[in-house]
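Me: Please show the sequence and the structure. I should then like to ask some questions.

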Amino acid sequence: MDFELSEDQLLMQKTGRDFAQNEISPTIEKDEKEHRFRPEIVRKMGELGFFAGVIPEEFGGTGSPTGMLDTLIICEEIARVSASYGLPFNMQTIGPGLVILNWGTDEHMRKYLPRLVSGEMMGCFAITEPNSGSDVASMKSLAVDKEDHYLLNGTKTWISNAQVADIGIVYAYTDPSQKHKGISAFLVELKNTKGISTKPIETKLGLHCAPTGEIIFEDARIPKSALLGKPGDGFKVCMSMLDNTRLSCAIRAVGVAKGALDAAVKYANEREQFGKKISEFEMIQDQIAEMFVDIQAARLLVYRAACLRDKGLRNTLEVSTAKYFAAETSVKATGLAVKIFGSYGFSSEYPVERMFRDAKSFQIVEGTSNIQKVIISSTVLGKK
Ligand SMILES: Cc1cc2nc3c(=O)[nH]c(=O)nc-3n(C[C@H](O)[C@H](O)[C@H](O)COP(=O)(O)OP(=O)(O)OC[C@H]3O[C@@H](n4cnc5c(N)ncnc54)[C@H](O)[C@@H]3O)c2cc1C
């Protein structure tokens with residue numbers, strides 16, 4: 001067991017940190033207020049190889065044996081400055097990229113993977129529907145087999161990147177009589193297919209620089225070649241995808257919590273009350289210590305789950321454990337940071353207010369905290 005990052009990983013961490021400081025930080029507060037997403041930031045991240053870790057060299061990646069851990073190390077540094085720009089890690093290779101690698105054809109891999117790695121193409125994945133969230137199998141989207149193509153109808157909602165993505169991993173029933181075994185996964189060219197429209201969701205609590213929206217399929221003609229795996233493999237594809245995307249979500253939660261801790265430490269060492277720095281009050285020290293301990297523990301849980309994945313081992317329990325603890329840590333730590341900032345913590349003039357709002361997303365996306373506990377407890381109780 002080695003707890004030290006390699007020299008290469010330390011360099012990646014520094015590259016991620018510098019990028020966040022130089023390319024994201026200068027405009028983030030203004031952009032958050034204007035709900036502005038900058039696709040050029042995603043492209044630059046691609047050019048720097050931020051999405052390359054989990055993809056083999058022949059498809060434009062690095063083929064690193066520690067690819068997931070490498071990627072998450074960079075992702076934490078980005079999320080420390082902006083939770084919104086932590087999301088592209090999932091939208092490019094950790095989500096769609098790995099699905100294509102694990103379930104796609106050689107043609108899919110050659111056509112899409114290099115462009116997802118470089119950021120030339122943006123991706124998304126669409127599971128959630130207006131009446132189907134945690135209960136994935138209750139989805140209503142239907143792809144009817146028409147011999148030479150599928151005809152897809154349905155509405156997906158709360159889809160990250162909906163209105164900017166070129167391609168999407170879309171889940172729909174091909175045989176509703178088979179319950180979850182009747183769901184299939186499709187690699188859909190969202191911008192080049194007739195019958196597909198999108199609608200932005202502009203009422204979000206946080207993640208204001210990350211596009212979110214609905215995708216509506218109305219008699220969309222999906223070629224047979226878009227099928228990932230076999231008809232009916234969709235639920236398996238989806239669950240294997242979530243084992244990866246939950247990891248990136250968990251490290252983003254850690255990043256946001258660390259960003260809040262950094263801000264709280266700086267503020268506590270500057271702000272004076274009762275004639276001394278507030279960092280001299282034991283109750284403030286207690287809050288800082290709690291944040292630090294939780295963040296360290298959450299990061300180690302994420303690293304362990306990532307290492308298992310990099311070794312090709314099953315990690316569903318470890319992923320849910322890490323995702324649950326990191327999400328709760330992020331909400332707790334950002335809440336403590338708001339407390340330490342006092343009234344300034346309640347103000348959008350300071351970043352901890354934004355971090356507090358963004359952190360709430362981690363308890364919801366990629367399976368809620370309750371759902372992670374269902375997975376953890378059913379495994380621990382031997383019911384799975
Ligand atoms: C910012 C953002 C981005 C998102 N991006 C995407 C995306 O890119 N792609 C995508 O497909 N979806 C995306 N989602 C949707 C997200 O994955 C769902 O919101 C999530 O799975 C929860 O579903 P729901 O909101 O319908 O809640 P519901 O499933 O309706 O849950 C409501 C409440 O009931 C609880 N609950 C439900 N079932 C159980 C149970 N069995 N035991 C105990 N409690 C339970 C939940 O924990 C929750 O508290 C995104 C959501 C947000 C907020």
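Me: Is the crossing in which helix 1 passes helix 3 left-handed or right-handed?

Reply: Helices are DSSP runs of H or I with at least four residues, strands are DSSP runs of E with at least two, and both are numbered from the N terminus. A crossing is left-handed if the near helix is turned anticlockwise from the far one by less than a right angle, and right-handed if clockwise. By this rule, the crossing of helix 1 and helix 3 is right-handed.

Me: What pLDDT do local features need in this model?

Reply: Residues are numbered from 1 along each chain, in the order in which its sequence is written. The model is predicted: totals for chains, interfaces and linings use all residues, side-chain atom pairs count only at pLDDT 80 or more, and local features need pLDDT of at least 70.

Me: Are helix 1 and helix 3 roughly parallel or roughly antiparallel?

Reply: Axes are lines fitted to C-alpha atoms, for helices over the stretch in contact, and angles between N-to-C directions run from 0 to 180 degrees. Helix 1 (residues 7-34) packs against helix 3 (residues 67-81) at about 25°, with the axes 8 Å apart. Angles under 35 degrees count as roughly parallel, over 145 as roughly antiparallel, 65 to 115 as roughly perpendicular and the rest as oblique. Helix 1 and helix 3 are therefore roughly parallel.

Me: How many nonpolar residues are in the contact of helix 1 with helix 3?

Reply: Two residues are in contact if their C-beta atoms, placed from the backbone, lie within 7 Å. Helix 1 contributes residues including Met12, Ala20 and Ile24, and helix 3 residues including Ile73, Glu77 and Val81. By class, four residues of this contact are charged, five polar and eight nonpolar.

Me: Which class has ten residues in the contact of helix 6 with helix 9?

Reply: Helix 6 (residues 234-270) and helix 9 pack at about 160° with axes 10 Å apart, and they are therefore roughly antiparallel. Their crossing is left-handed. Cys249, Val256 and Ala263 are among the residues of helix 6 in the contact, while Met355 and Phe362 are among those of helix 9. Asp, Glu, Lys and Arg count as charged, Ala, Val, Leu, Ile, Met, Phe, Trp, Tyr, Cys and Pro as nonpolar, and the others, Gly among them, as polar; two residues here are charged, one is polar, and ten are nonpolar.

Me: How many residues of strand 4 are buried?

Reply: A residue is buried if 20 or more other C-beta atoms lie within 10 Å of its own, exposed if 12 or fewer, and partly exposed in between, with C-beta atoms placed from the backbone. On one side of strand 4, Ile167, Ile169, Tyr171 and Tyr173 are buried, as are Gly168, Val170 and Ala172 on the other. Of the seven residues in strand 4 (residues 167-173), the number buried is seven.

Me: Which residue in strand 5 is the bridge partner of Ala172?

Reply: Two strands pair if DSSP finds at least two bridges between them. Strand 1 (residues 123-126) pairs with strand 4 in the parallel sense over four bridges, and Cys124 has Gly168 as its partner there. Strand 4 and strand 5 (residues 183-189) run antiparallel, joined by seven bridges. Within strand 5, the partner of Ala172 is Ser184.

Me: Which residue in strand 7 stands opposite Ile196?

Reply: Strand 7 (residues 212-223) is joined to strand 3 (residues 149-160) by nine bridges in an antiparallel arrangement. Strand 6 (residues 196-200) also pairs with strand 7 in the antiparallel sense, over five bridges. Opposite Ile196 in strand 7 is Phe217.

Me: What distance separates the C-alpha atoms of Ile215 and Ser197?

Reply: Ile215 lies in strand 7 and counts as buried because 25 C-beta neighbours are inside 10 Å. Beyond four places in sequence, the contacts of Ile215 include Ala126, Gly168 and Ile196. Ile215 and Ser197 are 18 residues apart along the chain, and their C-alpha atoms are separated by 5.9 Å.

Me: What is the phi of Asn161?

Reply: Most residues other than glycine have a negative phi. Asn161 belongs to the loop between strand 3 and strand 4, and is buried because 30 C-beta neighbours lie inside 10 Å. Although Asn161 is not a glycine, its phi is positive, at about 75°.
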